[in-house]
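The following paragraphs offer a guided reading of one protein model. They treat helix packing, individual side chains, loops and cysteines in turn.

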Amino acid sequence: MLRIHDALTGRSGELAPGRAVRMHTCGPVAGPRPAHLGDLRPHVLSDVVRRLLESRRVRVLACRGPLLDGDPAALGAFRRAAGALNLRPPEHEPLAGEAVEAAVELIAGLVERGEAHVTAGGSVLLGTGSAPADGGAGPSASPGGGADGGDAGRVLWAATSGGPAWDSPWGRGVPAPDVRCQAVARRLLGARVDILVADGDACSHHDGPLLGAGHRLTSGPVLFDGPELLPEQVREAGLDPLAVRLAYLEHHYREPVRLTWDLLREADGTVRRWRARVAGWAESPSAPLASGHVRRVEEALDDDLDTPAALGALRDLEGDDSVAAGAKFESFLHLDQVLALDLAMEIGRSPAP
C-alpha cells in the first residue's frame, strides 16, 4: 500500500485508491522566461505517481494546470520538454483562456456566498474584510496570502489596466495564478481531488474554499551552481534527456536537488549502461522475475516514493551474480514501467563499431 507524506499536515498516510484516482499537477511556471529544468521536477513526481498507480491497474485521471501567461510557443516548448522526460500527457491540459473563465466563475461564487469581497478598486479578496483606504488590494494582501500568513485577504482577482487582462464582473484584471490553476482543476475534476502535486510551498492554500485535496505532494527545490539549465541544453551537450529524470529519481522528491553537469553526466552514464545491460540480457533465455529484488524496489516506492532506495535495490539486482540474466531482463523491464528510462531502447540494435 502506497504511503505518502502530506505537505499540508506534515503527516504520512496511506493512499487507498479505488478504481480511479483524480490527480492535479499545478501548471509550469512561465512568463517572460522559458521553462527550465527546475520547473519540470513536480511533473516528474506526478508522472512517477501516475505510472506506479497505473502499473497496479488504477485509472488515473490527470489534469495539468495552465501556463500562467498562455503563450502558445511556451506551451509547445514545455510539452516538448515533458515528452523528452517521458511524462505521459494528462487527460486535461486547459489553456489560459479556459482557466480564466473557470477562475471568474469560481470567484463569482465566493463573492455571492460572502466568502470573498470586492474592493473599491475592482480587486477581489478572500474573506469578508472591508476595502483598504486606497481602494485597492492593500499592502497586506498578496496572491500568496495575507500579512499574517493566513488566507484572509488573499488576492483572488487583481484589477489591472496594463499588460494581459481579462473582463470580469468587477472590471478588467487577472486572477491570481494559483486561483487560475485550482479553478480549472475544480471544473474538470471536482471540488476535491485525491492527489495534488505542486512545487515549493504552493500546496499551502490547496485545502479551502477553492480546492480540497486528499493528499498534497510538494517537490523540493532545484538548485543550480550557475545559470538555470534549459531542457534543450541537455541534448545539445550530447546527454540523453532522461538523464534529467534519473537525476531527479536519485533524490527523494521532498529533498532539494543541486543540478550540475557532473550529476547529469553521471546519470547519463547510468542510463546508457542499463540499456546496454538489458540489451545483453535479452539474448538469454527468459526467466521469472527476481521476486526478492523486485519486492525491495516496490516496497521502497510504497514508502513515500523513496526512489533513491528503489534505485539502490535495482543496482543490487544488476550486480547479483546469483540471478539469471533472463530474470534480470524481465525485472528491469517490469520496473521500467514506473521508472520510464526507456531501458529497452537498445534491444536488437547492432553494437557500435
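In this predicted model, helix α1, spanning residues 37-54, packs against helix α6, residues 242-249, with the two axes 10 Å apart and an angle of about 75° between them. The pair α1 and α6 is therefore roughly perpendicular, since angles of 65 to 115 degrees fall in that class. On the α1 side the contact is formed by Leu-37, Gly-38, Arg-41, Val-44, Asp-47, Val-48 and Arg-51, and on the α6 side by Val-244, Arg-245, Tyr-248 and Leu-249. Sorted by class, the contact of α1 with α6 comprises six nonpolar residues, one polar residue and four charged residues.

A second crossing involves helix α3 (residues 96-112) and helix α4 (residues 177-189), whose axes come within 8 Å and cross at roughly 85°. That angle makes α3 roughly perpendicular to α4. From α3, the residues that take part are Ala-96, Glu-98, Ala-99, Val-100, Glu-101, Ala-102, Ala-103, Glu-105, Leu-106 and Ile-107; they meet Val-179, Arg-180, Ala-183, Val-184, Arg-186, Arg-187 and Leu-188 of α4. The contact of α3 with α4 contains 11 nonpolar and six charged residues, with no polar residue.

The pairing of helix α8 (residues 291-302) with helix α9 (residues 307-319) has another geometry: the axes cross at roughly 170° and come within 7 Å. The helices α8 and α9 are therefore roughly antiparallel, because the angle lies over 145 degrees. Here His-293, Arg-296, Val-297, Ala-300 and Leu-301 of α8 meet Thr-307, Ala-309, Ala-310, Ala-313, Leu-314, Asp-316 and Leu-317 of α9. Eight nonpolar, two polar and two charged residues make up the contact of α8 with α9.

These helices belong to a protein whose secondary structure comes to 10 helices and 12 strands. Of its 353 residues, 49% are buried. Among contacts between residues at least 6 apart in sequence, 68% join residues at least 24 apart.

Two buried side chains illustrate polar contacts with the backbone. Arg-275 lies in helix α7, residues 261-281, and counts as buried because its relative accessibility is 3%. A polar atom of the Arg-275 side chain lies 3.1 Å from the backbone oxygen of Asp-342. With residues up to four places away in sequence left out, Arg-275 touches Asp-240, Leu-242, Leu-341, Asp-342, Leu-343, Met-345 and Glu-346. Ser-123, by contrast, is found in a loop, the one between β5 (116-118) and β6 (124-126). Its relative accessibility of 6% places Ser-123 among the buried residues. A polar atom of the Ser-123 side chain lies 3.1 Å from the backbone nitrogen of Ala-159.

Other loops hold residues with positive phi. Arg-57, in the loop between α1 and β4 (59-64), has a phi near 65°, a positive value in a residue other than glycine. Arg-57 is exposed, with a relative accessible area of 81%. Asn-86 occupies the loop between α2 (72-84) and α3, and it also has a positive phi, of about 60°, although it is not a glycine. Asn-86, however, is buried, since its relative accessible area of 18% is under the 20% cut-off.

Towards the start of the chain, Ala-16 sits in the loop between β2 (12-14) and β3 (20-25). With a relative accessibility of 59%, Ala-16 counts as exposed. Its C-alpha atom is separated by 7.5 Å from that of Leu-2, which is 14 residues away along the chain.

The cysteines remain to be considered. How far is the sulfur of Cys-26 from the closest cysteine sulfur? That closest sulfur belongs to Cys-181 and is 3.9 Å away, too far for a bond. The same holds from the other side, as the closest cysteine sulfur to that of Cys-181 is in Cys-26. A disulfide would require the two sulfur atoms to be within 2.5 Å, and by this rule the count comes to zero disulfides. Both residues are nevertheless buried: Cys-26 has a relative accessibility of 12%, and Cys-181 has one of 6%.

Key. Residues are numbered from 1 along each chain as its sequence is written. This is a predicted model: local features need pLDDT of at least 70, side-chain atom pairs count only at pLDDT 80 or more; totals for chains, interfaces and linings use all residues. Side-chain values use heavy atoms; hydrogens and water are left out. Buried means under 20% relative accessible area, exposed over 50%, partly exposed in between (1.4 Å probe, protein chains only). Axes are lines fitted to C-alpha atoms, for helices over the stretch in contact, and angles run from 0 to 180 degrees between N-to-C directions. Helices (H or I, at least four residues) and strands (E, at least two) are DSSP runs, numbered from the N terminus. Angles under 35 degrees count as roughly parallel, over 145 as roughly antiparallel, 65 to 115 as roughly perpendicular and the rest as oblique. Contact means heavy atoms within 4.5 Å. Ala, Val, Leu, Ile, Met, Phe, Trp, Tyr, Cys and Pro count as nonpolar, Asp, Glu, Lys and Arg as charged, and the others, Gly among them, as polar. A polar contact is a pair of N or O atoms within 3.5 Å; within protein, one must be able to donate a hydrogen and the other to accept it, and residues adjacent in sequence count only if both atoms are side-chain atoms.
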